[in-house]
Amino acid sequence: MKKSFMLLLFIIFLVSGCATEKKEVSLQLPAQKDCIPPLESDVHTPTKQAEKKESVEKKEPEQKRSRSVQKKEKVLSNQKLLDSALELCQSANELWNRGEIDMALETLDQAYSLILRIKTDDPDIIQQRDDLRITIARRIVEIYSSKFTTATGNGKEIPLVMNKYVRQAITLFQTTERRFFIQSYKRSGRYRPMILRKLKEAGLPKELSWLPLIESGFTVRALSKARALGLWQFIASTGYKFGLSRTRWIDERMDPEKSTDAAIAYLKELHQIFGDWTTALAAYNCGEERVLRCIRSQKINYLDDFWDLYPLLPQETAFYVPKFLAVLHIVNNPKKYGFDLPQPDPPIETDVVVVNKQVHLMTVARYIGVPYKLLKELNPELRLNCTPPDEPYPLKVPKGKEEVLLAKLDEIPKWRPKIPCYIRHRVRKGESLWLLAQRYHTSVRAIMRLNNLRNGRLLRPGKTLKIPVGRKKIYTAVSASMLVYGEKGLKYTVKKGDSLWKIARRFGVTTKEIMVLNGMRNHSLRIGQVIYIPIKGVHVSKKKKMKLSLYKVKKGDTPYEIARRFGMSLSDFLRINNLSKSSKIFPGQIVMVSAK
C-alpha cells in the first residue's frame, strides 16, 4: 500500500514538471513574437563583405574583356556582311551574263540590303561599304540599260513623225526663227562633213548631224543660260564624264571634233537605256534622270511611244524633239515649207603643228600671214587665245601653213600672260582691310575702291574680296644689286624717284617705322642714301648677315618651293617677307630671297 502511494506521488511529480516546462515555453514565445529573426543572407559579416568585394573586382576585367570581344565580333560581323554582299554581286554578274536579268537584279537588291545593315564608325569598313554601294548602283544601271534595249526592240531609225507639235515647230522656223535657221544652215557646212563621218563610224543615224542646229546653231562658242557650252551644248559635269577636259587654258567642249566624239558616246548610251531615238533625244536635252522619273510615274508602257510621255516632260524639253523633227522635214524638202536655203559654207582644211611653248594666236597669225579671226575659229577650245604653258599643244592652222609655222616657230616670241589686275580672297575671322593691304602690298583705299566698299570696318567673314595686285606702281623693281640684311634690318640704297612712302609700301611697312629705325626727323631722302628697312619678327645678330635679292613669283610657285630653290628655310622665308603659313602668294608678287 505504501509502495503504491509512493509510486502515485512520483507520477504526479513528473506530470506537473512537464506542465511547468510547457508553461515556460509558452511564456517565452510572446516575448519573441515581434522579433523576426534576420535572414542569413542579410547578415554582413566581415567575411561576406570581403567575398562580395572580391567578386566585383573579378567582374570588372571580365566586363572589359567581354566588351572587347563584342567589338571584335561586331567588326567580324560587318566584314562578313561585306563579304556576303560582294559574293552576291559576283553572282548577279554571272546571272546577268547568262541573260537572267530579273534574277540578277533581285540578287543585287539582296546585296544592297546586307550593306544597309552595317552600322560602324570604322573608316575601313565605311570605305568598303561605300565602294560596294557604288558598284551595286552602277551594275543596276547597266542591267537596266540592257533590259530596256532588249525590251523595246531595235529602234535605230528616227521616225519622221508629223503631228500638231511638229507643225508648230515648223511654223516657228518659218516665222520667228527663220533668220536663225538660215544662218545656222549656212554654218553647218563647216562641221557636218566631219560629224557625218564620225556618225557613220559609230553606226548612228546620219540625221543626228542636224542636232547642233537646234542646240547651238552650229556655233562652237555658244553658251546657254544653263552654262552649257559648245557645238553640242555640254555642261561641265557631263563633258567631264565623257572625256572633255577643262582647264584655265582650254575647254574641249568648244573643240568641234572632241565634243562630237563625246556627243556620240552620250547619244549611244541614252539610246541603249531608252531604246528609241525620240526618248533618247529628250534625255539628251534634260538628262536621263529627269526622263526616267517621268517614266516611273506612268502606269503604261510609255516606251512604245514617246508622245505618251510628252505631256509629263518640261515644256522646253518636250518641244525639243518636235523642233528636231521639224529641222529634218525642212532640210529634206525646203521648197515645200517655203525655204530657199543658201549654199553651206565649205569646211576649212587644216594642218596640225605641235607647239612646244606658250604662244598667242595673234602673234602666230602675224608670223604665218593668216587672219587672226580665222586662227581663233580653227582653235576655239583655247579660252585665252593662247596655247597652254609647259606642255606641247597640237595647234590647227590653215592647209599649207604647216611648213611656214615650223620654219618660223623659233622666231615667234614666247607669250607671257599679263599679271592679273586682282585676285580673289575669302575673308577669314579676325582679318581686316589693313591686314589684307599689308599682306598683298596694296592699300586699304585701293581694296575699298575695287569692291565698292563704303565702310572698311564692316568686313564679314566668308565674304570674297577682289584684291588689286600686279600693278607696276606697286611692284616697282628695286635694283639688280644685292640687298644686304644687316643687324637693324634690310639695307636699302635710295634710287632716283624713290620716296619714303613708295619704299614703305614696297616692303610692306609704314613710313613711321622706317623713320624711327633710321632716326629720321622728316621724309626727305637723297639719292645714294642708305637706310634700313624694318623686317618684322626677325632678329639678326651681328654675326649673321644675309644677302637678299628680289624674286618675282611665277605661276605654280609655293613658299616652300621658293625657299628650297634659294637655299632658305621656310620659316626664314616667311619671316623675311612678313608672311604666315596661311598666306597666299600670287604670280607677279615681289618677294625677298637669299642671294645665290
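# Exercises on a predicted model

Pro 394 lies in strand β2. Keep in mind as you work that this is a predicted model. Let's start with that strand.

## Exercise 1: Strand β2 and its partner

Work out whether Pro 394 is buried, partly exposed or exposed, then place strand β2 beside its partner.

*Step 1.* Look up the accessibility of Pro 394: its relative accessible area is 42%. The buried class ends at 20% and the exposed class begins over 50%, so Pro 394 counts as partly exposed.

*Step 2.* Now check the strand as a whole. β2 covers residues 393-398, and five of its six residues are buried, so you can call the strand mostly covered.

*Step 3.* Find the partner. Strand β1, residues 350-355, pairs with β2 in the antiparallel sense, over six bridges. One of the bridges joins Val 355 to Tyr 393 in β2.

*Step 4.* Compare sequence with space. Pro 394 and Val 354 are 40 residues apart in sequence, yet their C-alpha atoms are 4.3 Å apart.

## Exercise 2: Two faces of a strand

Which residues of strand β6 are on its covered face, and which are on its uncovered face?

*Step 1.* Recall the general pattern: side chains in a regular strand alternate between the two faces of the sheet.

*Step 2.* Go along β6, residues 490-493. Leu 490 and Tyr 492 make up the covered face, while Lys 491 and Thr 493 make up the uncovered one.

*Step 3.* Add the neighbour. β6 pairs with strand β7 (residues 530-533) in the antiparallel sense over four bridges. Opposite Thr 493 you'll find Val 530 of β7.

## Exercise 3: Positive phi angles

Where in the chain are Phe 218 and Asn 385, and what are their phi values?

*Step 1.* Start from the general rule: most residues other than glycine have a negative phi.

*Step 2.* Take Phe 218. Phi is positive here, about 55°, although the residue is not a glycine. Phe 218 is in the loop between α8 (211-215) and α9 (236-241), and is buried with a relative accessible area of 1%.

*Step 3.* Do the same for Asn 385. Phi is near 60°, again a positive value in a residue other than glycine. Asn 385 is in the loop between α16 (372-378) and β2. A relative accessible area of 16% is under the 20% limit, so Asn 385 is buried too.

## Exercise 4: Aromatic pairs

Which kind of pair do the rings of Trp 210 and Phe 218 form?

*Step 1.* Know what to look at: a pair of aromatic rings is described by the distance of the centres and the angle of the planes. The model has nine aromatic pairs.

*Step 2.* For Trp 210 and Phe 218, the ring centres are 6.4 Å apart and the planes stand at 90°. An angle over 60 degrees counts as edge-to-face, so that's what this pair is. Both residues are buried.

*Step 3.* Try Tyr 551 and Phe 566. Their centres are 5.3 Å apart and their planes are at 65°, so this pair is edge-to-face as well. The pair links distant parts of the chain, 15 residues apart: Tyr 551 is in strand β8 (residues 546-552), and Phe 566 is in the loop between α22 (559-565) and α23 (570-576). Both of these residues are buried.

*Step 4.* Follow Tyr 551 to another contact. The C-alpha atoms of Tyr 551 and Val 591 are separated by 5.3 Å, with their positions 40 residues apart along the chain. Val 591 is in strand β9 and, at 2% relative accessibility, counts as buried.

*Step 5.* Look for other ring arrangements. Phe 234, Phe 242, Tyr 266 and Tyr 284 form one aromatic cluster. The charged end of Arg 178 sits over the ring of Phe 339, 4.5 Å from its centre.

## Exercise 5: The largest pocket

Which helix supplies the largest share of the lining of the largest pocket?

*Step 1.* Begin with the space: the largest pocket holds about 800 Å³. It is lined by 27 residues, and the closest to its centre are Glu 215, Ser 224, Ala 228, Asn 285 and Glu 316.

*Step 2.* Sort the lining by helix. α8, α11 (277-286) and α14 (315-332) each supply at least two residues. The largest share, six residues, comes from α14.

*Step 3.* Sort the lining by class: 14 residues are nonpolar, nine are polar and four are charged.

Methods: Residues numbered from 1 in each chain as written. Predicted model: local features only at pLDDT ≥ 70, side-chain atom pairs only at ≥ 80, totals over all residues. Heavy atoms only, no water. Buried < 20%, exposed > 50% of the residue type's maximum accessible area, 1.4 Å probe, protein only. Pairing = 2+ DSSP bridges. 1 Å grid on protein atoms, 1.4 Å probe; cavity = no way out; pocket = protein on both sides within 12 Å on 5 of 7 lines; lining within 4 Å. Points joined across faces, edges and corners; volume = space filled by probe spheres on them. Nonpolar A, V, L, I, M, F, W, Y, C, P; charged D, E, K, R; others polar. Phe/Tyr/Trp six-rings, centres within 6.5 Å; stacked < 30°, edge-to-face > 60°. Lys NZ or Arg CZ within 6 Å of the ring centre and 35° of its normal.
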